[in-house]
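Please open the model in your viewer and keep the sequence panel beside it. The stops below say what to select next and what is there.

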Amino acid sequence: MALSPEADRPADLPAEEATAHSAFLRLSRRAASLIGSVVLTVLGLLMVTFTIGRVVPVDPLLAVVGDRAPEHVRERAAIELGLDQPLWRQFLRYLGEVLQGDFGNSVLSGQPVLTDIARFFPATLELATTATIMGVFLGVPLGVLAATRHGRWQDQVIRVVALAGYSVPVFWLGLVGLLLFYAELGWVAGPGRIDVVYEYTIEPVTELMLVDTLLAGDTDAFFDAVSHLILPASVLGYFSLAYITRMTRSLMLGELGQEYIVAARVKGLSETRVIWRHAVGNIMVPLITTIALSYAYLLEGAVLTETVFAWPGLGLYITQSLFSADLTAVLGATIVIGLVFIGLNLLSDLLYTLVDPRAK
(Lines give C-alpha, C1' and ligand atoms only; values in the text may rest on other atoms or scores of the structure.)
Protein backbone atom coordinates (compact mmCIF):
# COMPACT_ATOMS: atom_id res chain seq x y z
CA MET A 1 0.00 0.00 0.00
CA ALA A 2 1.38 3.42 -0.96
CA LEU A 3 2.08 5.77 1.93
CA SER A 4 1.14 9.44 1.85
CA PRO A 5 3.84 12.10 2.47
CA GLU A 6 2.27 12.70 5.90
CA ALA A 7 3.05 9.10 6.83
CA ASP A 8 6.77 9.99 6.80
CA ARG A 9 6.32 12.94 9.13
CA PRO A 10 7.35 12.29 12.77
CA ALA A 11 4.58 13.38 15.12
CA ASP A 12 6.87 15.19 17.58
CA LEU A 13 8.50 17.53 14.97
CA PRO A 14 7.30 21.07 14.15
CA ALA A 15 5.55 21.46 10.81
CA GLU A 16 8.53 23.06 8.98
CA GLU A 17 11.02 20.50 10.26
CA ALA A 18 8.58 17.70 9.48
CA THR A 19 8.20 18.98 5.92
CA ALA A 20 11.98 19.13 5.47
CA HIS A 21 12.27 15.65 6.98
CA SER A 22 9.69 14.27 4.55
CA ALA A 23 11.42 15.96 1.60
CA PHE A 24 14.74 14.49 2.69
CA LEU A 25 13.21 11.02 2.90
CA ARG A 26 11.67 11.35 -0.57
CA LEU A 27 14.96 12.52 -2.05
CA SER A 28 16.81 9.70 -0.29
CA ARG A 29 14.39 7.12 -1.65
CA ARG A 30 14.64 8.59 -5.14
CA ALA A 31 18.44 8.58 -4.97
CA ALA A 32 18.45 5.00 -3.67
CA SER A 33 16.05 3.98 -6.44
CA LEU A 34 18.21 5.66 -9.10
CA ILE A 35 21.41 4.10 -7.73
CA GLY A 36 19.76 0.67 -7.61
CA SER A 37 18.51 1.06 -11.18
CA VAL A 38 21.95 2.15 -12.37
CA VAL A 39 23.70 -0.77 -10.65
CA LEU A 40 21.25 -3.30 -12.12
CA THR A 41 21.45 -1.71 -15.56
CA VAL A 42 25.26 -1.68 -15.56
CA LEU A 43 25.34 -5.31 -14.38
CA GLY A 44 22.90 -6.27 -17.14
CA LEU A 45 24.95 -4.35 -19.67
CA LEU A 46 28.12 -6.18 -18.61
CA MET A 47 26.40 -9.59 -18.77
CA VAL A 48 24.84 -9.02 -22.18
CA THR A 49 27.97 -7.46 -23.66
CA PHE A 50 30.21 -10.20 -22.30
CA THR A 51 27.88 -12.97 -23.49
CA ILE A 52 27.62 -11.51 -26.99
CA GLY A 53 31.40 -11.18 -27.09
CA ARG A 54 31.76 -14.87 -26.29
CA VAL A 55 29.07 -16.30 -28.59
CA VAL A 56 29.89 -14.32 -31.75
CA PRO A 57 31.68 -16.46 -34.37
CA VAL A 58 35.03 -14.77 -33.78
CA ASP A 59 37.97 -16.71 -32.39
CA PRO A 60 39.24 -14.64 -29.41
CA LEU A 61 42.68 -16.27 -29.73
CA LEU A 62 43.08 -15.21 -33.35
CA ALA A 63 44.21 -11.70 -32.46
CA VAL A 64 46.49 -13.02 -29.70
CA VAL A 65 48.42 -15.88 -31.33
CA GLY A 66 47.48 -15.51 -35.01
CA ASP A 67 45.98 -18.09 -37.35
CA ARG A 68 49.13 -20.19 -37.82
CA ALA A 69 50.02 -20.85 -34.18
CA PRO A 70 50.46 -24.54 -33.21
CA GLU A 71 47.83 -26.11 -31.02
CA HIS A 72 49.92 -26.17 -27.84
CA VAL A 73 50.49 -22.41 -28.14
CA ARG A 74 46.75 -21.82 -28.54
CA GLU A 75 46.03 -24.01 -25.49
CA ARG A 76 48.57 -22.17 -23.36
CA ALA A 77 47.16 -18.78 -24.43
CA ALA A 78 43.62 -19.97 -23.68
CA ILE A 79 44.67 -21.00 -20.15
CA GLU A 80 46.44 -17.69 -19.53
CA LEU A 81 43.36 -15.75 -20.68
CA GLY A 82 40.98 -17.99 -18.73
CA LEU A 83 39.18 -19.08 -21.88
CA ASP A 84 39.34 -22.73 -20.78
CA GLN A 85 37.03 -21.93 -17.85
CA PRO A 86 33.20 -22.15 -17.90
CA LEU A 87 31.46 -19.05 -19.19
CA TRP A 88 30.17 -17.98 -15.75
CA ARG A 89 33.69 -18.12 -14.29
CA GLN A 90 35.01 -16.10 -17.20
CA PHE A 91 32.30 -13.51 -16.54
CA LEU A 92 33.06 -13.30 -12.81
CA ARG A 93 36.73 -12.84 -13.61
CA TYR A 94 35.92 -10.14 -16.17
CA LEU A 95 33.50 -8.45 -13.74
CA GLY A 96 36.17 -8.33 -11.03
CA GLU A 97 38.67 -6.78 -13.43
CA VAL A 98 36.16 -4.18 -14.69
CA LEU A 99 35.24 -3.20 -11.11
CA GLN A 100 38.94 -2.50 -10.56
CA GLY A 101 39.01 -0.31 -13.68
CA ASP A 102 40.84 -2.92 -15.74
CA PHE A 103 39.24 -3.47 -19.15
CA GLY A 104 42.21 -5.48 -20.36
CA ASN A 105 44.78 -4.67 -23.02
CA SER A 106 44.04 -4.10 -26.66
CA VAL A 107 45.82 -6.61 -28.88
CA LEU A 108 45.75 -4.11 -31.75
CA SER A 109 47.44 -1.19 -29.96
CA GLY A 110 49.15 -3.04 -27.11
CA GLN A 111 47.78 -0.39 -24.71
CA PRO A 112 45.19 -0.72 -21.92
CA VAL A 113 41.73 -0.40 -23.42
CA LEU A 114 40.87 2.51 -21.11
CA THR A 115 43.95 4.38 -22.34
CA ASP A 116 42.83 3.88 -25.93
CA ILE A 117 39.29 4.99 -25.09
CA ALA A 118 40.55 8.13 -23.35
CA ARG A 119 42.47 8.93 -26.55
CA PHE A 120 39.66 8.22 -29.03
CA PHE A 121 36.52 9.24 -27.13
CA PRO A 122 37.06 13.05 -27.23
CA ALA A 123 36.87 12.96 -31.04
CA THR A 124 33.51 11.18 -30.88
CA LEU A 125 32.33 13.56 -28.17
CA GLU A 126 33.27 16.58 -30.28
CA LEU A 127 31.54 15.19 -33.36
CA ALA A 128 28.34 14.06 -31.59
CA THR A 129 28.06 17.27 -29.56
CA THR A 130 28.35 19.44 -32.66
CA ALA A 131 25.80 17.28 -34.49
CA THR A 132 23.39 17.48 -31.54
CA ILE A 133 23.70 21.27 -31.38
CA MET A 134 22.86 21.40 -35.10
CA GLY A 135 19.92 19.07 -34.58
CA VAL A 136 18.50 21.03 -31.63
CA PHE A 137 18.86 24.52 -33.11
CA LEU A 138 17.29 23.45 -36.40
CA GLY A 139 15.04 20.58 -35.37
CA VAL A 140 13.07 22.32 -32.60
CA PRO A 141 12.09 25.40 -34.71
CA LEU A 142 11.26 23.18 -37.68
CA GLY A 143 9.10 20.93 -35.51
CA VAL A 144 7.29 23.96 -34.04
CA LEU A 145 6.81 25.46 -37.51
CA ALA A 146 5.42 22.20 -38.88
CA ALA A 147 2.95 21.92 -36.00
CA THR A 148 1.75 25.51 -36.26
CA ARG A 149 1.38 25.11 -40.05
CA HIS A 150 -0.26 21.70 -39.76
CA GLY A 151 -1.51 20.45 -43.12
CA ARG A 152 -0.03 23.32 -45.11
CA TRP A 153 2.86 23.16 -47.56
CA GLN A 154 5.41 24.12 -44.88
CA ASP A 155 4.34 21.10 -42.84
CA GLN A 156 4.54 18.81 -45.88
CA VAL A 157 8.04 19.99 -46.82
CA ILE A 158 9.37 19.63 -43.26
CA ARG A 159 7.86 16.14 -42.94
CA VAL A 160 9.55 15.04 -46.17
CA VAL A 161 12.90 16.48 -45.01
CA ALA A 162 12.56 14.71 -41.65
CA LEU A 163 11.50 11.44 -43.26
CA ALA A 164 14.49 11.56 -45.60
CA GLY A 165 16.78 11.97 -42.59
CA TYR A 166 15.44 8.71 -41.22
CA SER A 167 15.43 6.83 -44.50
CA VAL A 168 18.78 7.67 -46.08
CA PRO A 169 21.65 5.48 -44.80
CA VAL A 170 24.28 7.52 -42.97
CA PHE A 171 27.24 5.95 -44.80
CA TRP A 172 25.68 6.68 -48.21
CA LEU A 173 24.95 10.27 -47.25
CA GLY A 174 28.53 10.64 -46.03
CA LEU A 175 30.00 9.27 -49.26
CA VAL A 176 27.80 11.56 -51.38
CA GLY A 177 28.77 14.52 -49.21
CA LEU A 178 32.47 13.75 -49.61
CA LEU A 179 32.14 13.38 -53.37
CA LEU A 180 30.13 16.58 -53.82
CA PHE A 181 31.37 19.08 -51.24
CA TYR A 182 34.98 17.88 -50.90
CA ALA A 183 36.03 16.27 -54.17
CA GLU A 184 33.92 18.30 -56.64
CA LEU A 185 33.27 21.70 -55.04
CA GLY A 186 36.13 21.83 -52.53
CA TRP A 187 33.99 23.72 -50.01
CA VAL A 188 35.07 21.68 -47.01
CA ALA A 189 38.09 19.66 -45.94
CA GLY A 190 38.23 15.91 -46.45
CA PRO A 191 38.60 12.95 -44.10
CA GLY A 192 40.33 13.25 -40.74
CA ARG A 193 40.18 15.86 -37.97
CA ILE A 194 42.87 18.25 -39.22
CA ASP A 195 45.43 18.58 -42.00
CA VAL A 196 48.77 16.87 -41.54
CA VAL A 197 50.60 20.22 -41.53
CA TYR A 198 48.86 21.12 -38.26
CA GLU A 199 48.57 17.66 -36.74
CA TYR A 200 51.91 17.66 -34.94
CA THR A 201 52.01 21.36 -34.08
CA ILE A 202 48.95 21.33 -31.80
CA GLU A 203 49.56 20.13 -28.27
CA PRO A 204 46.74 17.75 -27.20
CA VAL A 205 45.52 19.34 -23.97
CA THR A 206 41.84 18.36 -23.98
CA GLU A 207 41.94 16.07 -27.05
CA LEU A 208 39.08 18.27 -28.40
CA MET A 209 40.59 19.64 -31.59
CA LEU A 210 38.59 22.88 -31.66
CA VAL A 211 39.53 23.66 -28.08
CA ASP A 212 43.18 22.65 -28.43
CA THR A 213 43.69 24.78 -31.54
CA LEU A 214 42.20 27.78 -29.71
CA LEU A 215 44.38 27.13 -26.67
CA ALA A 216 47.38 27.00 -28.99
CA GLY A 217 46.34 30.36 -30.47
CA ASP A 218 46.57 28.94 -33.99
CA THR A 219 43.57 30.38 -35.87
CA ASP A 220 44.56 28.72 -39.17
CA ALA A 221 44.54 25.33 -37.46
CA PHE A 222 41.21 26.16 -35.78
CA PHE A 223 39.46 26.98 -39.06
CA ASP A 224 41.04 23.92 -40.65
CA ALA A 225 39.60 21.79 -37.82
CA VAL A 226 36.20 23.45 -38.31
CA SER A 227 36.37 22.71 -42.03
CA HIS A 228 37.06 19.02 -41.30
CA LEU A 229 34.23 18.90 -38.76
CA ILE A 230 31.46 20.47 -40.88
CA LEU A 231 30.71 17.55 -43.19
CA PRO A 232 30.65 14.62 -40.71
CA ALA A 233 28.80 16.75 -38.15
CA SER A 234 26.24 17.76 -40.78
CA VAL A 235 25.64 14.12 -41.76
CA LEU A 236 25.10 13.10 -38.15
CA GLY A 237 23.25 16.34 -37.41
CA TYR A 238 20.79 15.60 -40.20
CA PHE A 239 19.82 12.37 -38.46
CA SER A 240 19.46 14.23 -35.16
CA LEU A 241 17.45 16.98 -36.85
CA ALA A 242 15.04 14.45 -38.35
CA TYR A 243 14.42 12.77 -35.00
CA ILE A 244 14.02 16.00 -33.00
CA THR A 245 11.82 17.59 -35.68
CA ARG A 246 9.41 14.67 -35.77
CA MET A 247 9.17 14.44 -31.98
CA THR A 248 8.78 18.21 -31.55
CA ARG A 249 6.03 18.31 -34.18
CA SER A 250 4.19 15.43 -32.55
CA LEU A 251 4.44 16.93 -29.05
CA MET A 252 3.38 20.37 -30.25
CA LEU A 253 0.33 19.02 -32.09
CA GLY A 254 -0.85 17.44 -28.87
CA GLU A 255 -0.18 20.62 -26.90
CA LEU A 256 -1.79 23.07 -29.33
CA GLY A 257 -5.13 21.29 -28.90
CA GLN A 258 -5.21 21.93 -25.14
CA GLU A 259 -7.83 24.27 -23.67
CA TYR A 260 -5.28 26.55 -22.00
CA ILE A 261 -3.86 27.41 -25.43
CA VAL A 262 -7.32 28.48 -26.61
CA ALA A 263 -7.79 30.46 -23.39
CA ALA A 264 -4.42 32.19 -23.84
CA ARG A 265 -5.39 33.25 -27.37
CA VAL A 266 -8.80 34.47 -26.17
CA LYS A 267 -7.01 36.63 -23.57
CA GLY A 268 -5.23 38.37 -26.43
CA LEU A 269 -1.70 37.04 -25.88
CA SER A 270 0.52 37.26 -28.92
CA GLU A 271 0.87 34.09 -31.00
CA THR A 272 4.62 34.10 -30.44
CA ARG A 273 4.11 34.11 -26.66
CA VAL A 274 1.42 31.44 -26.82
CA ILE A 275 3.61 29.15 -28.93
CA TRP A 276 7.07 29.62 -27.45
CA ARG A 277 6.31 30.41 -23.82
CA HIS A 278 3.26 28.29 -23.11
CA ALA A 279 3.18 25.43 -25.63
CA VAL A 280 6.93 24.89 -26.00
CA GLY A 281 7.40 25.43 -22.28
CA ASN A 282 5.01 22.60 -21.51
CA ILE A 283 6.73 20.10 -23.79
CA MET A 284 10.20 20.78 -22.39
CA VAL A 285 10.27 17.66 -20.20
CA PRO A 286 9.61 15.12 -23.00
CA LEU A 287 11.73 17.27 -25.33
CA ILE A 288 14.71 16.94 -22.97
CA THR A 289 14.31 13.17 -23.12
CA THR A 290 14.18 13.33 -26.91
CA ILE A 291 17.37 15.39 -27.10
CA ALA A 292 19.18 13.20 -24.56
CA LEU A 293 18.25 10.04 -26.47
CA SER A 294 19.28 11.64 -29.75
CA TYR A 295 22.65 12.56 -28.25
CA ALA A 296 23.14 9.03 -26.94
CA TYR A 297 22.21 7.53 -30.33
CA LEU A 298 24.76 9.77 -32.02
CA LEU A 299 27.49 8.60 -29.65
CA GLU A 300 26.56 5.03 -30.54
CA GLY A 301 25.73 5.55 -34.18
CA ALA A 302 28.86 7.49 -35.07
CA VAL A 303 30.55 4.20 -36.01
CA LEU A 304 29.68 4.35 -39.72
CA THR A 305 30.17 8.10 -40.01
CA GLU A 306 33.62 7.93 -38.40
CA THR A 307 34.56 5.07 -40.69
CA VAL A 308 33.49 6.96 -43.83
CA PHE A 309 35.26 10.18 -42.79
CA ALA A 310 38.30 8.46 -41.21
CA TRP A 311 37.36 10.34 -38.05
CA PRO A 312 39.64 9.02 -35.29
CA GLY A 313 36.93 8.49 -32.70
CA LEU A 314 35.52 5.62 -30.71
CA GLY A 315 33.47 4.36 -33.67
CA LEU A 316 36.55 4.00 -35.85
CA TYR A 317 38.34 2.35 -32.92
CA ILE A 318 35.54 -0.23 -32.60
CA THR A 319 35.49 -0.87 -36.35
CA GLN A 320 39.26 -1.42 -36.53
CA SER A 321 39.11 -3.64 -33.44
CA LEU A 322 36.34 -5.73 -34.98
CA PHE A 323 38.30 -6.24 -38.19
CA SER A 324 41.28 -7.30 -36.06
CA ALA A 325 39.18 -9.67 -33.90
CA ASP A 326 40.25 -7.61 -30.87
CA LEU A 327 37.24 -8.50 -28.72
CA THR A 328 38.74 -7.04 -25.54
CA ALA A 329 38.81 -3.60 -27.13
CA VAL A 330 35.33 -4.02 -28.60
CA LEU A 331 33.88 -5.07 -25.23
CA GLY A 332 35.54 -2.18 -23.41
CA ALA A 333 34.40 0.44 -25.90
CA THR A 334 30.87 -0.97 -25.98
CA ILE A 335 30.61 -0.85 -22.20
CA VAL A 336 31.86 2.74 -22.10
CA ILE A 337 29.24 3.77 -24.68
CA GLY A 338 26.59 1.99 -22.63
CA LEU A 339 27.71 3.82 -19.48
CA VAL A 340 27.52 7.13 -21.34
CA PHE A 341 23.98 6.22 -22.45
CA ILE A 342 23.00 5.50 -18.83
CA GLY A 343 24.66 8.72 -17.67
CA LEU A 344 22.72 10.79 -20.21
CA ASN A 345 19.45 9.24 -19.07
CA LEU A 346 20.28 10.11 -15.47
CA LEU A 347 21.17 13.65 -16.53
CA SER A 348 17.84 14.03 -18.30
CA ASP A 349 16.08 12.83 -15.10
CA LEU A 350 17.89 15.46 -13.09
CA LEU A 351 17.05 18.17 -15.64
CA TYR A 352 13.37 17.31 -15.19
CA THR A 353 13.48 18.68 -11.66
CA LEU A 354 15.00 21.94 -12.89
CA VAL A 355 12.53 22.43 -15.76
CA ASP A 356 9.45 21.11 -13.98
CA PRO A 357 9.50 21.32 -10.15
CA ARG A 358 6.46 19.00 -10.06
CA ALA A 359 8.81 16.19 -11.12
CA LYS A 360 10.40 16.29 -7.65
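## The whole chain

Start with the surface view: the chain has an accessible surface of about 20,100 Å², and carbon and sulfur atoms account for 65% of it. Keep in mind throughout that this is a predicted model.

Switch to cartoon. The chain contains 15 helices and zero strands. Colour by burial, and buried residues make up 36% of the 360 residues. For the contacts between residues at least 6 apart in sequence, 69% join residues at least 24 apart.

## Stop 1: the largest pocket

Select Arg-54, Leu-81, Leu-83, Glu-97 and Thr-328. They mark the largest pocket, which has a volume of about 470 Å³; of the 22 residues in its lining, these five are the closest to the centre.

Now add the helices around this pocket. Four of them each supply at least two lining residues: H1 (15-55), H2 (62-65), H4 (87-99) and H15 (327-355). Which helix gives the largest share of the lining? That is H4, with four residues. Colour the lining by residue class to see 12 nonpolar, five polar and five charged residues.

## Stop 2: the second largest pocket

Select Arg-193, Glu-199, Glu-207, Met-209 and Pro-312. The second largest pocket has a volume of about 400 Å³. Its lining has 13 residues, and the five selected lie nearest its centre. Helix H5 (113-148) and helix H9 (209-215) are the elements that give two or more residues to this lining. By class, the lining of the second largest pocket has seven nonpolar residues, one polar residue and five charged residues.

## Stop 3: the loop before H14

Select Ala-310, which sits in the loop between helix H13 (284-308) and H14. Is Ala-310 buried, partly exposed or exposed? Its relative accessibility is 38%, so Ala-310 counts as partly exposed.

Show the neighbours of Ala-310 next. Leaving aside residues up to four places away in sequence, Ala-310 touches Pro-191, Gly-192 and Leu-316. Draw a distance from Ala-310 to Pro-191: their C-alpha atoms are 5.4 Å apart, with the two positions 119 residues apart in sequence numbering.

## Stop 4: helix H14

Move along to residues 314-323, helix H14. This helix is mostly covered, with seven of its 10 residues buried. The buried residues of H14 are Leu-314, Gly-315, Leu-316, Tyr-317, Ile-318, Thr-319 and Ser-321. Leu-316 is also one of the residues that Ala-310 touches. Just after H14, check the backbone of Ala-325, where phi is positive, at about 60°.

## Stop 5: aromatic pairs

Show the aromatic side chains. The structure holds five aromatic pairs. Begin with Phe-120 and Tyr-317: the ring centres are 4.9 Å apart and the planes lie at 25°, so this pair is stacked. The pair links distant parts of the chain, as Phe-120 belongs to helix H5 and Tyr-317 to helix H14, 197 residues apart.

Are Phe-120 and Tyr-317 buried or exposed? Phe-120 has 12% relative accessibility and so counts as buried. Tyr-317, at 3%, counts as buried as well.

Go next to Phe-222 and Phe-223. Their ring centres are 5.4 Å apart and their planes are at 70°, so the pair is edge-to-face. Phe-222 is buried, with a relative accessible area of 19%, whereas Phe-223 is exposed, with 57%. The cut-offs matter here: a residue is buried under 20% and exposed over 50%.

Last among the rings, select Phe-50, Phe-91 and Tyr-94, which ring pairs link into a cluster.

## Stop 6: Thr-289 on H13

Return to helix H13 and select Thr-289, which lies in that helix. Thr-289 is partly exposed, with a relative accessible area of 22%. To finish, draw a C-alpha to C-alpha distance from Thr-289 to Leu-351: the two are 9.4 Å apart in space and 62 residues apart in sequence.

Key. Residues are numbered from 1 along each chain as its sequence is written. This is a predicted model: local features need pLDDT of at least 70, side-chain atom pairs count only at pLDDT 80 or more; totals for chains, interfaces and linings use all residues. Side-chain values use heavy atoms; hydrogens and water are left out. On a 1 Å grid over the protein atoms alone, a cavity is a set of points where a 1.4 Å probe fits but cannot get out, and a pocket is an open set with protein on both sides within 12 Å along at least five of seven lines; lining residues have an atom within 4 Å of a point. Grid points are joined across faces, edges and corners, and a volume is the space filled by probe spheres set on the points. Ala, Val, Leu, Ile, Met, Phe, Trp, Tyr, Cys and Pro count as nonpolar, Asp, Glu, Lys and Arg as charged, and the others, Gly among them, as polar. Buried means under 20% relative accessible area, exposed over 50%, partly exposed in between (1.4 Å probe, protein chains only). Rings of Phe, Tyr and Trp (its six-membered ring) pair if their centres lie within 6.5 Å; planes under 30 degrees apart count as stacked, over 60 as edge-to-face and the rest as tilted. Contact means heavy atoms within 4.5 Å. Accessible areas come from the Shrake-Rupley method with a 1.4 Å probe; for residues, only the protein chains shown count as cover.
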